Each structure stands twice: as C-alpha cells, then as structure tokens.
Amino acid sequence: MLKNYIIVFLISMVPLVELRLAIPYAVGVGLPIVPSIIIAVIGNMLPVPFIFFFARKVLEWGQDKKLIGGFCRWCISKGVKGSDKLQKKGTGLYIALLLFVGIPLPGTGAWTGTLAASFLNMDFKKSVLAVMAGVLLAGAIMLAASLGLFGAIDFLAK
C-alpha cells in the first residue's frame, strides 16, 4: 500500500497530468480516498513555490543563450505585456487563475498556472492560494469522475 501512495505522490508532481492522473490511479488501485487526495494535493503543490520563484530566473538566464535565447526573450516579453494589461483587472485575475487550474484538462494544472502567475508578476501569496483552490477543485472533479468511471466498470463486471 505504501508503494501505491508513493506512486500517487509522484504522479501528482508530473507536469500536464498532475493529480488529474494521480486520483484516478488511487481510485483504480483501491486506495482509501481521503489520504490519497491529501497525498495527491501535497505532491501537486510541492513544486509550486519553486516554479513561481525560479521559472522567470531560468528564462532571464537563458535569454542570451544561443539555442534558447529567442524563446526565452519571447516568453519574458509576453509576460511583461500580459502583466501590464492584467494588473489593471485586479482580483478577477486570481479567480481566473483558480478556474484555469481547477478545470481538469491537460495543460491547465498547477504547473501551468504557476508559470503564468510568475511570468505575469502576480502576488506570490494570492497566486498560491488561487492555485491551491484550483487544485482542490480539480481534485474534487477528478474524484467524482473517477468514482463514476470505476463504479460503472465495477457495475458492468458484475
């Protein structure tokens, strides 16, 4: 059982799939729901501060490198332009971040949301709270979907 919890934790840290795959995995292997969700949320949130504080630094470091410089400069430029426009919108931006992270589609999770918050120079604490709320929303949606999917499979197997 410990091995499966470790797998849930590790899956939830993987970009693009995050807890959107970790929770169905936990339900599929029959792990208890509450500890599985707690472990998946912790695993999903663990990289958030590192992404927030270091993603922009990596881009700034790479902007004068031959192979990646153009891409890094483009990302920084887009982030600055987007930040100027979005900062005028105020707290609605954080609701948008919550919803972006909370919709369980590939590419809309904590990693991408935190990258966007970092590039847009959003407030760290407010961004983390919005991302955390989005992760919890995505977790609830994925749990409901997983229980329905596996419940249907179990029903058909009988």
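**A quick tour of an all-helix chain**

Phe52, Phe53 and Phe124 are linked into a cluster by ring pairs. That trio is a handy way into this model, which is a predicted one. The protein chain has 8 helices and 0 strands, and 38% of its 158 residues count as buried. Below we look at the rings, then the surface patch, the salt bridges, a cavity and one tyrosine.

**The overall layout**

- Going along the sequence, you'll meet the pattern α-α-α-α-α-α-α-α.
- Helix α4 covers residues 48-62, and α5 covers 69-87.
- Further along the chain, helix α8 takes in residues 124-157.

**Aromatic rings**

- A pair of aromatic rings is described by how far apart the centres are and by the angle of the planes.
- How many aromatic pairs does the structure hold? The count is 4 aromatic pairs.
- One of them joins phenylalanine 52 and phenylalanine 53: it's edge-to-face, with 5.3 Å centre to centre and 80° between the planes.
- Phenylalanine 53 also pairs with phenylalanine 124, and this pair is tilted, at 4.6 Å centre to centre and 35° between the planes.
- Why does the pair of phenylalanine 53 and phenylalanine 124 tie together parts that are 71 residues apart in sequence? Because phenylalanine 53 lies in helix α4, while phenylalanine 124 lies in helix α8.
- Now for how covered each ring residue is: phenylalanine 52 has a relative accessible area of 11%, so it's buried.
- Phenylalanine 53 has 40% relative accessibility, so it counts as partly exposed.
- Phenylalanine 124 counts as partly exposed too, with 26% relative accessibility.

**A nonpolar patch on the surface**

- Phe53 turns up again here: together with Phe50, Phe54, Val58, Trp61, Leu67 and Ile68, Phe53 makes a nonpolar surface patch of about 810 Å².
- Where is leucine 67 found? You'll spot leucine 67 in the loop between α4 and α5.
- Is leucine 67 buried or exposed? Leucine 67 counts as exposed because its relative accessibility is 85%, and the cut-off for exposed is over 50%.

**Salt bridges**

- Side chains of opposite charge can pair when their charged atoms come close.
- This structure holds 3 salt bridges.
- One of the salt bridges brings together the side chains of arginine 20 and glutamate 18, at 3.8 Å from N to O. Both arginine 20 and glutamate 18 are buried.
- Another salt bridge joins the side chains of arginine 56 and glutamate 60, at 3.4 Å from N to O. Arginine 56 and glutamate 60 both sit in helix α4, 4 residues apart, which is about one turn of the helix.
- Arginine 56 has 15% relative accessibility, so it counts as buried. Glutamate 60, at 38% relative accessibility, counts as partly exposed.
- Aspartate 64 and lysine 65 form a salt bridge as well, and their closest N and O atoms are 3.2 Å apart.
- Aspartate 64 counts as exposed because its relative accessibility is 60%. Its partner, lysine 65, is partly exposed, with a relative accessible area of 31%.

**A cavity inside**

- How many cavities of 30 Å³ or more are there? The count comes to 1 cavity.
- The space in the largest cavity is about 30 Å³.
- Which residues line the largest cavity? The lining is made by Ile23, Ala26, Val27, Leu31, Ile33, Ser36, Ile37 and Leu143.
- The elements that give two or more residues to this lining are α2 (18-28) and α3 (33-45).

**A look at tyrosine 25**

- Tyrosine 25 is found in helix α2, one of the elements that help line the largest cavity.
- With a relative accessible area of 24%, tyrosine 25 is partly exposed.
- Tyrosine 25 and isoleucine 11 are 14 residues apart along the chain, and 8.9 Å separates their C-alpha atoms.

Key:
Residues numbered from 1 in each chain as written. Predicted model: local features only at pLDDT ≥ 70, side-chain atom pairs only at ≥ 80, totals over all residues. Heavy atoms only, no water. Salt bridge = Lys/Arg side-chain N within 4 Å of Asp/Glu carboxyl O. Buried < 20%, exposed > 50% of the residue type's maximum accessible area, 1.4 Å probe, protein only. Patch = residues over 30% accessible without salt bridge, like charges linked within 9 Å, V, L, I, M, F, W, Y side chains within 5 Å. Areas by Shrake-Rupley, 256 points an atom, 1.4 Å probe, with all protein chains shown as cover. Phe/Tyr/Trp six-rings, centres within 6.5 Å; stacked < 30°, edge-to-face > 60°. 1 Å grid on protein atoms, 1.4 Å probe; cavity = no way out; pocket = protein on both sides within 12 Å on 5 of 7 lines; lining within 4 Å. Points joined across faces, edges and corners; volume = space filled by probe spheres on them.
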